[in-house]
Amino acid sequence: TNEISKFNPPPSPPSLPIIGHLHLIGSIIPKSFQKLSQRYGPLIHLKLGASTSIIVSNAQVAKQVMKTHDLNFCYRPQFGSSHDFLYKGSYFITAPYGPYWRFMKKLCVTKLLSSSQLGRFLHIREQELEILMKSFVVCSNENRSTDLCLDFTIFSNNILCRMAMGTTLFDKDIIRCLVREFMHVGAKLSMGEVFGPLGKLDLFGYGKKLRKIVGEFDHILEIFLKEHEERNIEDCQGDMMDVLLEVYRNPNAEVRLTRNDIKAFFLDIFLAGTDTSSVTMQWAMAEMINNPNILRKLRAEIKSVVGPTKLVRESDVSKMPYLQACVKEVLRLHPSAPFALRQSAEDCKINGYDVKAQTRTLINVYAIMRDPQSWVNPEEYIPERFLDSADEINGGDEHVSKMDGGDDFRFIPFGFGRRGCPGSSLALRVIEVTIAALVQCFEWEVKGGGKVDLEEGSSFSVGLAKPLVCYPVTCFNPFEVCD
Ligand code: HEM
């Protein structure tokens, strides 16, 4: 009893029986949590139906969790959805911090997503960008509109598929559809977990549907695995599947991979890498269209770096601080992964409060990057705040741009530390050059004229609520010169 009386959990809003704090959660979840934290503090605990979670909402507390207590929070909550599928125990994103996760992480960093691997696949990204750009030229010539949400999703999916297994798919859309369905069903399932028994009531049948989808995915991946296995060494392209198969065949590898491990890894990166990049590019274009001055300033920077005849390339980006600032500002205001989900291993103290072992921990990246204590005019899109000369905008003493590679926890769109996003450099490479190319070559008009409706969509990932349908109008066609 003595121990219990001393237990000092983080503060919590008043709750109701059974549902706990469920009634306080609106449709835009990161925003709801942000509101609660503004009232009850940067570290709160919430009871959502059956489960208890702690919510982290400012940079200081995020630093304690992701840096000071990094090892203790190196785990992810286990949702029902990750338990009973085909690849049980093989998923990387939800793997407990242990030998398997460490091995896969090392493979990611040194091989699969390393900068030399990314460099080797530059041609894939350039070809896919060219295909995308040419489709916009055609739209422009025919005065047709296009749905950028769809375009960007197919684009980032094609890049990932080709990097993963050397090809987009015979039925181009299959993985994209799988990802979409998986997200849809998976989100419902994990909400069911988060929201406990009440949430589960309307989930009847979803688990079964998800299993069917993963089954289809498995079938396709198996075809590609066989094809890769039967290839002669000289035909190997060194794609991710080749790299993983090499480990799979190596009897002396630190960890013996199974076929399921390989397939689960691909499922993981398709899930983690497709929508996140696509949603970021959608928000970037939405902000560009609504801020024509920013778009013009960016276009001027691009022109001054690449000149009047060539299409911008990835290698130009390092010379474009304003482009980098524009993309950072999108990631700040519209993080496509608004939560980093962690779980504690042991009891610990955070911000003076007791946190028990196995506590679900949501780091509200969205709220942290909109915290008025950290940012001036946090709700506004102001890329200039990330430039070296931004003292004024940032309210004085500290350069926000110093955050690069450092540990300023005000800006953590890719999470932080051991469990941080291993795909961040790939994502940045794709997003930066793509936005640059779209701004360099086209004027963008919204269907119906006027501005883009920036309403945020509901659910966990905060995308645009409505499709981004635009008319591209060619102002520079690099392909006429190059072809
Ligand atoms: C704009 C694009 C992206 C954003 C905003 C993003 C964001 C994030 C965040 C916030 C996390 C959790 C980090 C943490 O817990 O500290 C994460 C994890 C992860 N991301 Fe990304 N990501 C993006 C793109 C990608 C891409 C392109 C890939 C793969 C090619 C990828 C693969 C992963 C994986 C595998 C994890 C789990 C890592 C682990 O558990 O160790 N992400 N991402």
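**View 1. The shell around the ligand, sorted by residue class.** Around the ligand in this predicted model, the shell is made up of 15 nonpolar, 8 polar and 4 charged residues. Helix 12 (259-290), strand 4 (339-343) and helix 16 each supply at least two residues of this shell. Helix 12 makes the greatest contribution, with 7 residues.

**View 2. The residues that come nearest to the ligand.** Here we zoom in on the ligand itself. It has 27 residues around it, and the nearest of them are Gly-273, Ala-340, Gly-415, Cys-421 and Gly-423. Keep an eye on Cys-421, as the next view turns to this residue.

**View 3. Cys-421 and its surroundings.** In the UniProt record, an unreviewed entry, Cys-421 carries the annotation "binding site". You can find Cys-421 in the loop that links helix 15 (365-368) to helix 16 (424-441). Is Cys-421 buried, exposed or partly exposed? Cys-421 has 19 other C-beta atoms within 10 Å, and because a residue counts as buried from 20 upwards and as exposed at 12 or fewer, Cys-421 is partly exposed. Once neighbours within four places in sequence are set aside, Cys-421 is in contact with Phe-414 and Gly-415. Gly-415 appears in View 2 as well, among the residues that come nearest to the ligand.

**View 4. Strand 1 paired with strand 2.** Strand 1 (residues 43-48) and strand 2 (residues 51-56) run antiparallel and are joined by 6 bridges. To pick out one pairing, look for Ile-44, whose bridge partner in strand 2 is Ile-55. Of the 6 residues of strand 1, 5 are buried, so the strand is largely enclosed by the rest of the structure.

Note on methods: Residues numbered from 1 in each chain as written. Predicted model: local features only at pLDDT ≥ 70, side-chain atom pairs only at ≥ 80, totals over all residues. Helix = DSSP H or I, 4+ residues; strand = E, 2+ residues; numbered from the N terminus. Pairing = 2+ DSSP bridges. UniProt positions renumbered as here; feature names shortened; annotations may be inferred. Contact = placed C-beta atoms within 7 Å. Near = placed C-beta within 6 Å. Nonpolar A, V, L, I, M, F, W, Y, C, P; charged D, E, K, R; others polar.
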